[in-house]
Amino acid sequence: MGMGEGSIFPVEDALEMILMFDGEGVISYVNNAAKKKLEYGDDLCGRHIKDVFPNLFKDREKDFEAVPQGDEAPRNLVAYRRNMTCFPVEARFMGSKSCPGVYICMANDILEKEFLSREIEQVRQEAQEAQKVKSEFVANVTHELRTPVNGILGNVKELLDHADAMDAQTLKSLKLIERCCGDMHKIINNVLDFSKLEAGKFTLEPRRFHFRNMLDYVRSKHINKITEKGLGFFMTVSPQIPEYIIGDELRIGQVLDNFLSNALKFTAVGKITLEVLRTAWVNDKMELFFMVSDSGIGIDKADKDKLFQSFSQVDASISRKYGGTGLGLNICKQLVELMGGRVEVESEKNKGSTFSFSIWVGISEEDKGAVPAQGEAKTIPLFSAQSMEEDEERFENIRKFGTQENKENLQKNLSKLILCVEMENWEKAEMFMETIRQLTEEAPQDVKRAVLRLKMAIQKENYDKVTENYEELNNLL
């Protein structure tokens, strides 16, 4: 063949099978891998290549066709062993440039690869089936749960229509049941949304809607609770955003509701702001950027990664103190990503948090002409007539024990607290108590001890103790 021993040696121990044969199909050389895989040993030399690949080459006695020069494309073939068992290979055939009339076959055993591929496909199908079963189970369970919850809620509302004829304790119990039913509905909705998102079956429903009307609706759902808690609320909307946009109004509102609810939940003193900007415009698509900021309890940098995990709170005390499933932020993150954006958070412990997210929305041809090219956003205060700069300084002073702002807010919250106690609205009383606790974090020890005693009395719903401890704290202040 004109090939010396030194030229064959590098391929002798190659992992792939290598066979050489002439223009008549007679094998002249095989390496160790071929001898082992095909189980011929040295007996393979002198045999016909069609003994190894009978499905590719014609019979020896008839017109044998060798592989044309330059045809080196890999083929998926079946190779036969000496005992006529077979296995799949990926083979390439080529003509030898140094030895005309000599052909080389290089083949890899892909039996294990095919086996693993089948295993992977089976695992994938099983996972899909399991996901389908889980999704159907969650859908069925949540549907079944709604029926008794709606039944309880409907009966409670009927009873509440006759509230005048009830004693205070019965009315309080009915209000508590009504609230629990509402919480149960929120949990069911969260679990169902999470299940759909995880299964990849969640679809957005974009349509043309009035953007500012949607924001007004979101604001109206939160403004009463925010102002009742004594917090400031500011909303800024850039005039560069058109009146009408194309997007999933329900889901955009859902994300905003979640961020505003969290801001309200974790903020006892200060303010909450919502800012909306236009950050990009490409053809008929526009990027909107939302920022929800608060002056609440904040988050340690080390805990930020836990925020968007499923069924996760920053720590266990959060769930005990404030409630929640730990699904809300995870759902928001996935919804925002479905809308082409991302969620970010900036926070500092006891300094507040800013949750921001971007989404891409559409804009119709009829609305493009009505979009201002530039302009300054107008800030609309919803709680205070003062400027935001003045409020920033005022909110900072509120936290400092002994300042005029701190004293005024303590007295306001104490008055609201004792009024709630008189009306036996213990839930709201606890809310104002938490605000008082935060306003007295820098107070002397005797004030802190009095605050703690009052808080414990409220938690036990002990009217006499609350009255006694309220007087004690009021005198100290």
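**Exercise 1. Taking stock of the chain**

Work out how many helices and strands the protein chain has, and what share of its residues count as buried.

*Solution.* Start with the secondary structure: the protein chain comes to 14 helices and 13 strands. Keep in mind that we're working on a predicted model here. Next, burial: of the 477 residues, 41% count as buried. Then look at the contacts with a separation of 6 or more: residues 24 or more positions apart account for 62% of them. Finally, the surface: the chain exposes about 26500 Å², and carbon and sulfur atoms supply 51% of that.

**Exercise 2. Checking helix H5**

Compare the span that helix H5 should have with the distance between its end C-alpha atoms, then find where H5 bends.

*Solution.* Step one is the expected span. H5 covers residues 211–228, which makes 18 residues, and at 1.5 Å a residue they should span 26 Å. Step two is the model itself: the end C-alpha atoms of H5 are 26 Å apart, so the two values agree. Step three is the bend: H5 turns by about 40° at His 222. Step four is what comes right after the helix: Gly 230 takes a positive phi of about 85°.

**Exercise 3. The buried side of H5**

List the buried residues of H5 and say what covers them.

*Solution.* Begin with the list: Phe 211, Arg 212, Met 214, Leu 215, Val 218, His 222, Ile 223 and Ile 226 are buried. Now recall some helix geometry: an α-helix has 3.6 residues a turn, so residues three or four places apart point the same way. With that in mind, follow Met 214, Val 218, His 222 and Ile 226 through the buried list. His 222, where H5 bends, is itself one of the buried residues. As for the cover, it includes strands S6 (207–210), S7 (232–237), S8 (244–247), S9 (271–282) and S10 (285–294), along with helix H6 (249–265).

**Exercise 4. Helix H6, same drill**

Run the span check on H6 and decide how enclosed H6 is.

*Solution.* H6 has 17 residues, which at 1.5 Å a residue should span 24 Å. Its end C-alpha atoms sit 24 Å apart, so the check agrees. For burial, 13 of the 17 residues of H6 are buried, so the helix is largely enclosed by the rest of the structure.

**Exercise 5. Aromatic pairs**

Classify the pairs Phe 211–Phe 290 and Phe 259–Phe 355, and say which parts of the chain they tie together.

*Solution.* A search of the whole structure turns up seven aromatic pairs. Take Phe 211 and Phe 290: their centres are 6.2 Å apart with 65° between the planes, which makes the pair edge-to-face, because planes over 60 degrees apart get that label. Phe 211 lies in helix H5 and Phe 290 in strand S10, so this pair ties together parts 79 residues apart in sequence. Both Phe 211 and Phe 290 are buried.

Now Phe 259 and Phe 355: 5.4 Å centre to centre and 25° between the planes, so that's a stacked pair, as planes under 30 degrees apart count as stacked. Phe 259 belongs to helix H6 and Phe 355 to strand S12 (residues 352–362), so the parts tied together are 96 residues apart in sequence. Phe 259 counts as buried at 2% relative accessibility, and Phe 355 is buried too, at 8%.

Last step: Phe 211, Phe 259, Phe 290, Phe 355 and Phe 357 form one aromatic cluster. There's also a charge over a ring to note: the charged end of Arg 208 sits over the ring of Tyr 244, 4.0 Å from its centre.

**Exercise 6. Positive phi away from glycine**

Say where Glu 39 and Glu 424 lie, and whether each is buried, partly exposed or exposed.

*Solution.* First the background: most residues other than glycine have a negative phi. Glu 39, although not a glycine, has a positive phi of about 65°. Glu 39 lies in the loop between helix H2 (32–38) and S3, and at 43% relative accessibility Glu 39 counts as partly exposed. Glu 424 isn't a glycine either, and has a positive phi of about 60°. Glu 424 lies in the loop between helix H11 (404–422) and helix H12 (426–439). With a relative accessible area of 36%, Glu 424 is partly exposed.

Technical notes:
Residues numbered from 1 in each chain as written. Predicted model: local features only at pLDDT ≥ 70, side-chain atom pairs only at ≥ 80, totals over all residues. Heavy atoms only, no water. Helix = DSSP H or I, 4+ residues; strand = E, 2+ residues; numbered from the N terminus. Expected span 1.5 Å × (residues − 1). Bend = angle between axes of the 7 residues up to and from the residue. Buried < 20%, exposed > 50% of the residue type's maximum accessible area, 1.4 Å probe, protein only. Contact = heavy atoms within 4.5 Å. Phe/Tyr/Trp six-rings, centres within 6.5 Å; stacked < 30°, edge-to-face > 60°. Lys NZ or Arg CZ within 6 Å of the ring centre and 35° of its normal. Areas by Shrake-Rupley, 256 points an atom, 1.4 Å probe, with all protein chains shown as cover.
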